[in-house]
Structures are given as C-alpha cells and as structure tokens.
Amino acid sequence: MSRPLVVDSVAALRAQIRDWRRDGLSIAMVPTMGALHDGHISLVEIALEKADRCVVSIFVNPTQFAPSEDLDKYPRQLARDLKRLRQAGAQLALTPDVKQMYPAGFATKISVGGPAAGLESDFRPTFFDGVATVVAKLFLQVSPDFAVFGEKDYQQLCVVRQLCRDLDLPVEIIGAPTVRDAHGLAMSSRNAYLGDAELEVARQLNAILRRTAVALAAGTNEDSATAEASHALVKAGFDKVDYVAARESLTLAPWRRNRDGRLLAAAWLGKTRLIDNVEVLSV
Ligand code: AMP
C-alpha cells in the first residue's frame, strides 16, 4: 500500500502519464469532488480491476455550482481523502486548484444536449455545462483509457457518455452501482449535512423509489405513481420534491412501458438536496 502520488499541475501529471504509457500501462480515472466515502472507493476498486493505474481527481468544481448553492461549505478533507486512496491502492491523486483549472481569461463552455435536458437541468440550469466542461478538461489532461462514474448521479453518467460520443473522446465510460448504507440511503458527501432526524427521513427516499418502481413495472399509470411517490416523500418528512420521473435508461427520453427505465428523484431536506434513482424493469 504505497502512498498515491499527489499532483496539482498538468505538467507534472502529463510527465507521470507519459512514463506509464511508455511502460505500456493502461489508465483508469475516477473524477470526484473529494470528501471520499465508500461509494467513491468502490469506483476506485472498479478502476483498478479495469486498468493498471488509477488516477483520482479531487476538485470541487465551482462552475457546476450556482451562486445560491453550497460551494463554500462543500466538505473538504484532503488529508483524510489521501489516506483512503492509499488504502484503496490508487496510484495518483490529481488535486488542482481553481486557478489551475480556470486561469484568468478562461472562456470556454461545453454544453451537452440530449440526456442533459430536463430533470436536474430544470432546477440547476448551469450544472451540466459545468460538469461537461470540467470532465472534458480532466479527460484531456489525464487521457485515461477508462473513466468510472457512479449510477448515483444517473443523469450525469448519461451526459458524460453523450459528451464522449459526441466529441470522439477515446475514453470508455464505466457506470458503477450505487453504494448505500444499511438502510438504503445512497452514500453522498452531502449526507454530512444531515442531522440525526433528517437522516431518518433521508433513508425513506430509496424505499419510496423502489416501491414506486415496482408499481410502475406492475402497470400503475406513470403520472399517478410519480405523484403518489412525491406525496409519500412529503409525508415522510421531505420539505420539497423537485421531481420524481420515469425515463428511458439510456437516453433519458420519456419512459415507455416496453423499455428498460430509470426512476429518478430529487428532494430537499432542510437546506440539503438529495438525489437517487432506481431501475424500472420493462414489462
Ligand atoms: P462526487 O464527488 O459527488 O462528484 O462524485 C464523484 C463520483 O462518485 C461520481 O461519479 C458519483 O456518481 C460517484 N458516487 C457518488 N456517490 C456514490 C455512491 N453512493 N455510490 C457509487 N458512486 C457514487
């Protein structure tokens, strides 16, 4: 278990990547915003199964936060993150600062259509531009063979696949299952914001989605099933539901019964916004 090399400049990163390539090694990357938990570590494990070397980026990307969002209070704990990465066996941690990623005069934005439309974009209209731009930059810096993204952020996974397809980025995107606590709550760095009572409520989200997915698969009308799920979330103690929606798994177009689907939701608990999603099996 050796320490991951910690690199904060593109030049140093590229020198290391060049050495690995010269030795014929394959590279997988895991982009993160840090505050690493078991969900992130599962992506590192998948990356190391796929490739000889794993690069984990830790960068709280300001361009994917709206001015009203939690950029300043987003948890940052680099020393602890590096320890977890060492235990997981990642070889390199890329920890650029904001000036390195967005130097003065930076003026480019990548805007993905298709799966980026709707859902999160209805509530966070600049979010996926920020994600697509930073992911494209990271891919061009690291030039990985593979990149692992969590299904926890299901729409983001679809957007990244679209980005790679449209821009011919030669990176194979691997989707990884959501890691949950013993009560079904998807692990998230933002769960750290939740108090004990809120945690109890948060744990209802996945159960309600799973129940709704079963109802949809059994033939319940989509509008009534999703309305019932929103109602159940509020009854469980959520303060506001942004959306509960069924979509086609690959394109995120409206779901049709004979297609594999995904039921996605976002809801607020106090000042914390939680998202989750589950599979809807075709009938
Ligand atoms: P973040 O640090 O929140 O930007 O997440 C970095 C990566 O970890 C993204 O690909 C997320 O989808 C993934 N991720 C976050 N939470 C989980 C989880 N509970 N299970 C699996 N992957 C996750």
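1. A good place to start is the ligand: helix H2 gives the largest share of the shell around it, 3 residues. Please keep in mind while reading that this is a predicted model. The shell holds 17 residues in total, and those that come nearest to the ligand are His-40, Gly-150, Asp-153, Val-179 and Met-187. Elements that supply two or more residues to this shell are E2, helix H2 (38-50) and E5.

2. Three polar approaches to the ligand deserve a look on your screen. The side chain of Asp-153 has a polar atom 2.6 Å from an oxygen atom of the ligand. Met-33 works through its backbone instead, with an N or O atom 2.9 Å from a ligand oxygen. Val-179 also uses a backbone N or O atom, here 2.8 Å from a nitrogen atom of the ligand. As for cover, the ligand has 490 Å² of accessible area on its own, and the protein covers 93% of that.

3. His-40 ties the ligand shell to the annotation. UniProt lists this residue under "active site", in an unreviewed entry. His-40 sits in helix H2 and is among the residues that come nearest to the ligand. Is His-40 buried or exposed? The cut-off for buried is under 20% relative accessible area, so His-40, at 13%, counts as buried. Beyond its close sequence neighbours, His-40 is in contact with Thr-32, Gly-34, Ala-35 and Ser-189.

4. Gln-64 is the other annotated position to check. UniProt, again in an unreviewed entry, places a "binding site" feature here. Gln-64 belongs to the loop between strand E3 (53-58) and helix H3 (78-88). Gln-64 is buried, because its relative accessible area is 9%. Leaving out residues up to four places away in sequence, Gln-64 touches Met-33, Glu-69, Arg-124, Phe-127, Gly-130, Val-131 and Val-134. One of these, Met-33, also has the backbone atom 2.9 Å from a ligand oxygen. The side chain of Gln-64 makes a polar contact of 2.9 Å with the side chain of Asn-61.

5. Now to the packing of the chain. The largest nonpolar core has 35 residues, and the members that touch the most others are Val-55, Leu-94, Val-135, Phe-139, Val-142, Phe-149 and Ile-173. At least two core residues come from each of helix H1 (10-22), strand E2 (27-32), strand E4 (92-94), helix H6 (127-142), strand E5 (146-150) and helix H7 (154-166). Which element gives the most to this core? That is H6, with 10 residues.

6. Leu-94 is a handy residue from which to explore this core. Not counting residues up to four places away in sequence, Leu-94 touches Val-7, Leu-13, Val-55, Val-56, Ser-57, Ile-58, Leu-138, Gln-141 and Val-142. Another core lies apart from this one; it has 25 residues, including Ala-202, Leu-205, Ala-225 and Val-244.

7. Helix H6 also holds a polar residue of interest, Asp-129. Asp-129 is buried, because its relative accessible area is 15%. With residues up to four places away in sequence set aside, Asp-129 touches Lys-109, Ile-110, Ser-111 and Val-112.

8. Two leucines call for a careful look at the backbone. Most residues other than glycine have a negative phi. Leu-119, though not a glycine, has a positive phi of about 45°, and Leu-252, likewise not a glycine, has a positive phi of about 65°. Leu-119 lies in the loop between helix H4 (98-101) and helix H5 (120-123), while Leu-252 lies in the loop between strand E7 (240-248) and strand E8 (261-269). Leu-119 counts as buried because its relative accessibility is 2%; Leu-252 is buried too, with a relative accessible area of 4%.

9. These two leucines also meet. Apart from neighbours within four places in sequence, Leu-119 is in contact with Gln-155, Tyr-243, Ala-245, Arg-247, Leu-252 and Leu-264. The C-alpha atom of Leu-119 is separated by 13 Å from that of Trp-255, a residue 136 places further along the chain.

10. Last comes Asn-191, in the loop between strand E6 (172-176) and helix H8 (196-202). Where does its relative accessible area put Asn-191, buried or exposed? The value is 15%, so Asn-191 is buried. Setting aside neighbours within four places in sequence, Asn-191 is in contact with Leu-185, Ala-186 and Leu-274.

Technical notes:
Residues are numbered from 1 along each chain as its sequence is written. This is a predicted model: local features need pLDDT of at least 70, side-chain atom pairs count only at pLDDT 80 or more; totals for chains, interfaces and linings use all residues. Side-chain values use heavy atoms; hydrogens and water are left out. UniProt positions are given in the numbering used here, feature names are shortened, and annotations may be inferred rather than shown by experiment. Helices (H or I, at least four residues) and strands (E, at least two) are DSSP runs, numbered from the N terminus. Buried means under 20% relative accessible area, exposed over 50%, partly exposed in between (1.4 Å probe, protein chains only). Contact means heavy atoms within 4.5 Å. A polar contact is a pair of N or O atoms within 3.5 Å; within protein, one must be able to donate a hydrogen and the other to accept it, and residues adjacent in sequence count only if both atoms are side-chain atoms. A nonpolar core is a set of buried Ala, Val, Leu, Ile, Met, Phe, Trp, Tyr and Cys residues joined through side-chain atoms within 4.5 Å. A residue is near a molecule or strand if one of its heavy atoms lies within 4 Å of it. Accessible areas come from the Shrake-Rupley method with a 1.4 Å probe; for residues, only the protein chains shown count as cover.
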